[in-house]
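Please open the model in your viewer and keep the selection tool at hand. The stops below go from one selection to the next, with a short account of what is found at each.

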Amino acid sequence: MFKAAFVASALVTTASALSDLPERARGGKAWEEYLTHSPHLLKSSEPLIFNSKVDHFSNSTDTFAQRYYVNSQYWDGKGPVFLSIGGEGTLNGPPGGYIAVLGQEYNALLVSLEHRFYGESIPNGNSFTPNLKYLTVAQALADLATFTEYYQKEGNTGDSKWFVFGGSYPGALASWYRHSYPEHSVGSLSSSGVVNCIVEFP
């Protein structure tokens, strides 16, 4: 009995240290324990849609539905916007975990954007090889920039400062975004960001 309780407690402690558990770690007893012991896990919300350009670097006007989530439970209308960058998987809700803890401390608006070609945000509605030419870092960074511009107006965030979060590949995106579009945010947190990008995988 003690051993089972200790294991469950360890799993909860480990999970609580994460910004949000990935899809593969959800469900089951450990996930249920995590939910009961995680006061800063944000309530689920319905996804919203941003009509993002399929190709930001051409004259094409084609768009695709890019999903995003917002949680305003801590926002006082004056605090910063914390933008969490989605990675290689389905986005399930607004930022949770340590981002939510910081959100509460700084009265922040919490926003997450699903990465193109993952989850349900699929340009041209398919992932066939010819269409994957739109799956690039440059396009993903442009998605973030145009989304920020869109939500500053749509979300009526006014002069609120934007801060960007990401872990692993999204962590690298967080750094690259600050470098490529410095006027769109005041800082970023690159958690375990990629530093040795291997381009060719033969």
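How many cavities of 30 Å³ or more does a search of the whole structure find? In this predicted model, the search finds one, and the volume of this largest cavity is about 60 Å³.

**Stop 1: the cavity lining**

Select Q66, I85, G86, L113, E114, H115, R116, A140, D143, L144 and L173, which line the largest cavity. If you colour this selection by residue class, you will see five nonpolar, three polar and three charged residues. Now show helix α4, residues 137-154, as a cartoon, since the largest share of the lining, three residues, comes from this helix.

**Stop 2: D143**

Stay on helix α4 and centre the view on D143, which lies in that helix and is also one of the residues that line the largest cavity. Is D143 buried or exposed? Its relative accessibility is 2%, and because buried means under 20%, D143 counts as buried. Display its neighbours next: leaving aside residues up to four places away in sequence, D143 touches F50, S52, K53, H56, F64, Q66, L113 and R116. Of these neighbours, Q66, L113 and R116 can stay highlighted from the previous stop, as they also belong to the cavity lining.

**Stop 3: the aromatic pairs**

Colour Phe, Tyr and Trp side chains next; a search of the whole structure finds 13 aromatic pairs. Begin with Y68 and Y151, whose ring centres are 5.8 Å apart and whose planes stand at 75°, so that the pair is edge-to-face. Because Y68 lies in strand β2 (residues 63-71) and Y151 in helix α4, this pair ties together parts that are 83 residues apart in sequence. Y68 counts as buried at 3% relative accessibility, and Y151 likewise counts as buried, at 8%.

Move on to F163 and F165, where the ring centres are 5.2 Å apart and the planes are at 55°, so this pair is tilted. Here F163 is partly exposed, with a relative accessible area of 26%, whereas F165 is buried, with a relative accessible area of 2%.

To finish this stop, select F50, Y68, F147, Y150, Y151 and W162 together, which ring pairs link into a cluster. F50 is worth labelling in this view, as it is also one of the residues that D143 touches.

**Stop 4: the whole chain**

Zoom out and show the protein as a cartoon, in which the secondary structure comes to five helices and six strands. Following the chain along the sequence, you can trace the pattern α-α-β-β-β-α-β-α-β-α-β. With a surface displayed, bear in mind that buried residues make up 39% of the 202 residues in the protein. Among contacts with a separation of 6 or more, 64% are between residues 24 or more positions apart.

**Stop 5: confidence**

Finally, colour by pLDDT, which has a mean of 85 over the protein, with 81% of the residues reaching 70 or more. Which elements have the lowest and the highest mean pLDDT? Helix α1 (residues 2-16) has the lowest, at 41, and strand β3 (residues 81-85) has the highest, at 98. Select residues 1-19 as the last step: pLDDT stays under 50 over this segment, for which the model has 16 contacts beyond four places in sequence.

Note on methods
Residues are numbered from 1 along each chain as its sequence is written. This is a predicted model: local features need pLDDT of at least 70, side-chain atom pairs count only at pLDDT 80 or more; totals for chains, interfaces and linings use all residues. Side-chain values use heavy atoms; hydrogens and water are left out. On a 1 Å grid over the protein atoms alone, a cavity is a set of points where a 1.4 Å probe fits but cannot get out, and a pocket is an open set with protein on both sides within 12 Å along at least five of seven lines; lining residues have an atom within 4 Å of a point. Grid points are joined across faces, edges and corners, and a volume is the space filled by probe spheres set on the points. Helices (H or I, at least four residues) and strands (E, at least two) are DSSP runs, numbered from the N terminus. Ala, Val, Leu, Ile, Met, Phe, Trp, Tyr, Cys and Pro count as nonpolar, Asp, Glu, Lys and Arg as charged, and the others, Gly among them, as polar. Buried means under 20% relative accessible area, exposed over 50%, partly exposed in between (1.4 Å probe, protein chains only). Contact means heavy atoms within 4.5 Å. pLDDT is the predictor's confidence in each residue, from 0 to 100. Rings of Phe, Tyr and Trp (its six-membered ring) pair if their centres lie within 6.5 Å; planes under 30 degrees apart count as stacked, over 60 as edge-to-face and the rest as tilted.
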